[in-house]
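Here are a few worked exercises to try with the model open in your viewer. Have a go at each task before you read its solution.

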Amino acid sequence: MDNFHLALMTASRYNILPLTSTCNLGCLFCSHRQNPPGVETWRLQPLKGEEIDNLLDYLDGDRKIVIGESATRLIEGEPLTHPDFLAIIRKVRRRFPRARLEITTNGTLLTPNLIRELADLQPLEINLSLNSASPEGRRRLMGDRNPGAALQAPMALQQAGIIYQGSLVACPWLVGWDDFRETILYLARAGARTIRVFLPGYTRLAPPELRFPPGLRRQIEEELEQLRSLTDVPLLLEPPLLDNLLPEIEGAIPGTPAARAGLKRGDLILEIDGQKPRSRVEAYRWAAVPGRRRLLVGRHQGKNYGPAEIKLTGGQQVKNTRSCSEPEGIRGALYELEVGREGSGLTFAWDFDPDLLPEVEKACRRHGARKGLILTSRLAVAVIKEAVARLSLSLEVVVTPSRFFGGSIGCAGLLTLADFQAAWQDWQKNNGPADLIILPSIAFDYRGRDLVGEHYLSLAASTGVPVELV
């Protein structure tokens, strides 16, 4: 498959419009710089007009159209470097007049003129990867020799009425904790709807300066907790490290139905429209459905959930007379949200999609499995254990370390077939036979191949055990 056909597949499967792999910066934390030999990635030259026209035929105008992100092996660069970027956005808007456009950018080319032009092409939102609010920080982390445009972009976006999300890769050991704090507070003051703080990752091939000190996650969590007392903007640490599936709110975006109703970080969603969500992912989806949503919520008080005042969107207060038995002892308060196309405004950490559980059951039934293994990353193991415990099946969840990338890498999307093979061998040394192996589908592309081109069925051939992707 050539690169353009991969772009077509990216558009049709993920509603992503890839424009170019060109990037105008050299970020220290860029993942492509640390890849071990053998990783399959493809570069895309700036697409031409006819190619863009072909890609538009594969997009769905009833869904959000994403520009500047990648869900495949295509390397996504800075979309604003495309010489015809604005003309392309105008073309997309003419073709899909109501579709929301989501554009990810490092901000270097977000000039005031371009921002004014984009304001006329709404609805759209910007994912602004600021990373540092100081010229020195952007030069150090990103090689940005002219940081003025990016540093002015948050205020300019706010003034133009363009919704944007801010983000930074947390590198306080390189730029200092003051830079980290001020970047977050600057984005909050400048109207970012959410601020995503990415924990950096390094591979076994990373230079010494990128190998952050032990305990960085804990330090970042402590800093974020202090910063939350200074802003109402949700501060989200990614990737999360969770040990349960409780649908606990990370925050409510200011000005949204959830914020107007008084929902807060730490509130626990007990029911939505009379049904109990099984995870944060499910709670987010249910609460985002347009219409009047009724949420039963437990309010966090100290270390325990306790009674909460019932507050409706109109400000009416009523006596709390309702309780919920799951989790036991938590009393609930009823909130009503009028949810529009923009969603509820609730933010959650990503944990587990319960819609995957029927797929696990089907896989076990297909093979008559009496003992199944689920191999997954260290970041996901706790929530997957809790999720599959709800099934009446004999399933064991096995941690799969990232040996191929090494370093601090701990997410399932970067595991390779060799990693799964090694995890199987380690498990088999001290355990009996298994009759099914389930692997995370996110580690494999649409062809069933991992990041180095190995097919997942090779594991079945080498182990003699059926293998399924979920």
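Buried means under 20% relative accessible area, exposed means over 50%, and partly exposed is in between (1.4 Å probe, protein chains only). Helices (H or I, at least four residues) and strands (E, at least two) are DSSP runs, numbered from the N terminus. We're working on a predicted model, where local features need pLDDT of at least 70, side-chain atom pairs count only at pLDDT 80 or more, and totals for chains, interfaces and linings use all residues. Residues are numbered from 1 along each chain as its sequence is written, and side-chain values use heavy atoms, with hydrogens and water left out.

**Exercise 1. Work out which way the side chains of β15 point, and find the partner strand.**

Step 1: go along residues 372-376, which make up β15. G372, I374 and T376 point one way, L373 and L375 the other.

Step 2: check burial. 5 of the 5 residues in β15 are buried, so both sets are covered, because buried means under 20% relative accessible area.

Step 3: look for pairing (two strands pair if DSSP finds at least two bridges between them). β15 and β16 (residues 395-399) run parallel and are joined by 5 bridges. One of the partners to spot is L395 in β16, which bridges to G372.

**Exercise 2. Do the faces again for β5, then place it between its partners.**

Step 1: I195 and V197 point to one face and are buried, while R196 and F198 point to the other and are not.

Step 2: β5 pairs in the parallel sense with β4 (residues 163-169) over 4 bridges, and S167 stands opposite R196.

Step 3: β6 (residues 235-238) also pairs with β5 in the parallel sense, over 4 bridges. V197 has L237 in β6 as its bridge partner.

Step 4: back up to R193, in the loop between α8 (177-189) and β5 (195-198). Skipping neighbours within four places in sequence, its contacts (heavy atoms within 4.5 Å) include I163, Y164, V233 and P234.

**Exercise 3. Find the residues with the most contacts in the largest nonpolar core.**

Step 1: fix the term. A nonpolar core is a set of buried Ala, Val, Leu, Ile, Met, Phe, Trp, Tyr and Cys residues joined through side-chain atoms within 4.5 Å.

Step 2: the largest one has 76 residues, and L17, L110, L118 and I126 have the most contacts inside it.

Step 3: a separate core has 22 residues, L245, A369, A387 and L436 among them.

Step 4: zoom in on L118. Not counting residues up to four places away in sequence, L118 touches F85, L86, I89, L110, L124, I126 and I162.

**Exercise 4. Track down unusual backbone geometry.**

Step 1: recall the background. Most residues other than glycine have a negative phi, and most peptide bonds are trans.

Step 2: look for cis bonds. The bond from Q122 to P123 is cis, with omega near 15°, and P123 sits in the loop between α4 (112-119) and β3 (124-129). The bond from E238 to P239 is cis too, with omega near -5°.

Step 3: now positive phi. N15 isn't a glycine, yet its phi is about 55°, and D273, also not a glycine, comes in at about 50°.

Step 4: buried or partly exposed, for N15 and D273? N15 is buried, at 1% relative accessible area, whereas D273 is partly exposed, at 37%.
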